[in-house]
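Trainee: I am new to this structure and would like to go through it slowly, one question at a time. Could we begin with a residue that lies in a strand?

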Amino acid sequence: MDIQQTDFPGLIIVKSQVFSDERGFFKETYQKQRYQDAGINETFVQDNYSHSTAGILRGLHYQIKRPQAKLVFVVQGEILDVCVDLRKSSPTFGKSFQLKLSAENHQQLFVPVGFAHGFYVLSPQVEFMYKCSDYYSPEDERTLLWNDPALGIDWPLTGEPILSEKDRIGLPLYESEIFESL
Ligand SMILES: Cc1cn([C@H]2C[C@H](O)[C@@H](COP(=O)(O)OP(=O)(O)O[C@H]3O[C@@H](C)C(=O)[C@@H](O)[C@H]3O)O2)c(=O)[nH]c1=O
């Protein structure tokens, strides 16, 4: 397993070993001991799966009282994954991290608690999967505005992104709740 630390404390890029043969390939997408050895100690309690088509933008989401660490990866297609650090005492507070995740590059991103998370779909179809360290809690969910100029995120848009109503009316950083004690 290949582990790459980022400049954002706790945000880790993971690539499992891919075993290819004439039938295709095999890889482990989570293995408790190996991921713990890589510094991912969370207990995951929920697995999620979404399907999206080109031009869809989901996010930027976080739960404020029941924050979720996430282990995210793409099973089909390609996305630009974006995480914004909302941990007040973090050296990268308010900054965004971007990474292309695809079925082809086999990368996963471990997003620790304290980040808002979202992605933009780059391919015709995307199958996206992720593990979460806490349960979905809709009343606790917050949406950070994807195009808040203060975030300076360079989304590689090919037109107007397709958004949910919730995401269209997200709040800019200066009006958003942040993680005061992280
Ligand atoms: C996230 C989630 C949604 N839902 C329901 C609520 C709603 O009716 C429907 C669609 O929800 P959403 O519009 O929030 O789905 P979506 O925009 O895909 O939300 C996800 O976005 C990415 C970027 C994340 O980081 C995830 O944590 C999650 O917030 O699914 C659940 O039942 N459980 C869940 O865990």
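Trainee: In which strand is the place of H61?

Mentor: Please keep in mind that this is a predicted model. Within the model, the strand that spans residues 57–63 takes in H61, and that strand is β6.

Trainee: Is H61 buried, partly exposed or exposed?

Mentor: Around H61 there are 18 other C-beta atoms within 10 Å. Since a residue needs 20 or more such atoms to be buried and 12 or fewer to be exposed, H61 falls in between and is therefore partly exposed.

Trainee: Which residues is H61 in contact with, leaving aside its neighbours within four places in sequence?

Mentor: Once those sequence neighbours are set aside, the contacts of H61 can be listed by name. The residues in contact with H61 are A116, H117, G118, E141 and T143.

Trainee: Which residues does the UniProt annotation "active site" cover?

Mentor: The annotation comes from an unreviewed UniProt entry, and the residues it covers are H61 and Y130. They span 70 residues in sequence, yet their C-alpha atoms are no more than 13.6 Å apart, so they gather at one spot. The residues named in the record are thus H61 and Y130.

Trainee: Is Y130 buried or exposed?

Mentor: Y130 lies in strand β12, which runs over residues 125–132, and not counting residues up to four places away in sequence, Y130 touches N48, K70, L71 and V72. Because Y130 has 21 other C-beta atoms within 10 Å, Y130 is buried.

Trainee: Which elements each supply at least two residues of the shell around the ligand?

Mentor: The residues around the ligand include H61, N48, S50, H117 and G118. By character, the shell divides into two nonpolar residues, seven polar and one charged. The elements that each supply at least two residues of this shell are β5 (46–53), β6 and β11.

Trainee: Which residues of the largest nonpolar core touch the most other members?

Mentor: This core has 37 residues, and among the elements that give two or more residues to it are β6, β8 (78–85), β10 (107–111) and β12. As for I79, its contacts beyond four places in sequence include V74, L101, F119 and F128. The members that touch the most others are I79, F110 and V111.

Trainee: Where is P9 found?

Mentor: P9 has 15 C-beta neighbours inside 10 Å and so counts as partly exposed. The C-alpha atoms of P9 and A116, which are 107 residues apart along the chain, are separated by 14 Å. P9 is found in the loop between β1 (2–5) and β2 (12–15).

Note on methods
Residues are numbered from 1 along each chain as its sequence is written. This is a predicted model: local features need pLDDT of at least 70, side-chain atom pairs count only at pLDDT 80 or more; totals for chains, interfaces and linings use all residues. Helices (H or I, at least four residues) and strands (E, at least two) are DSSP runs, numbered from the N terminus. UniProt positions are given in the numbering used here, feature names are shortened, and annotations may be inferred rather than shown by experiment. Two residues are in contact if their C-beta atoms, placed from the backbone, lie within 7 Å. A nonpolar core is a set of buried Ala, Val, Leu, Ile, Met, Phe, Trp, Tyr and Cys residues joined through C-beta atoms within 7 Å. A residue is near a molecule or strand if its C-beta atom, placed from the backbone, lies within 6 Å of it. Ala, Val, Leu, Ile, Met, Phe, Trp, Tyr, Cys and Pro count as nonpolar, Asp, Glu, Lys and Arg as charged, and the others, Gly among them, as polar.
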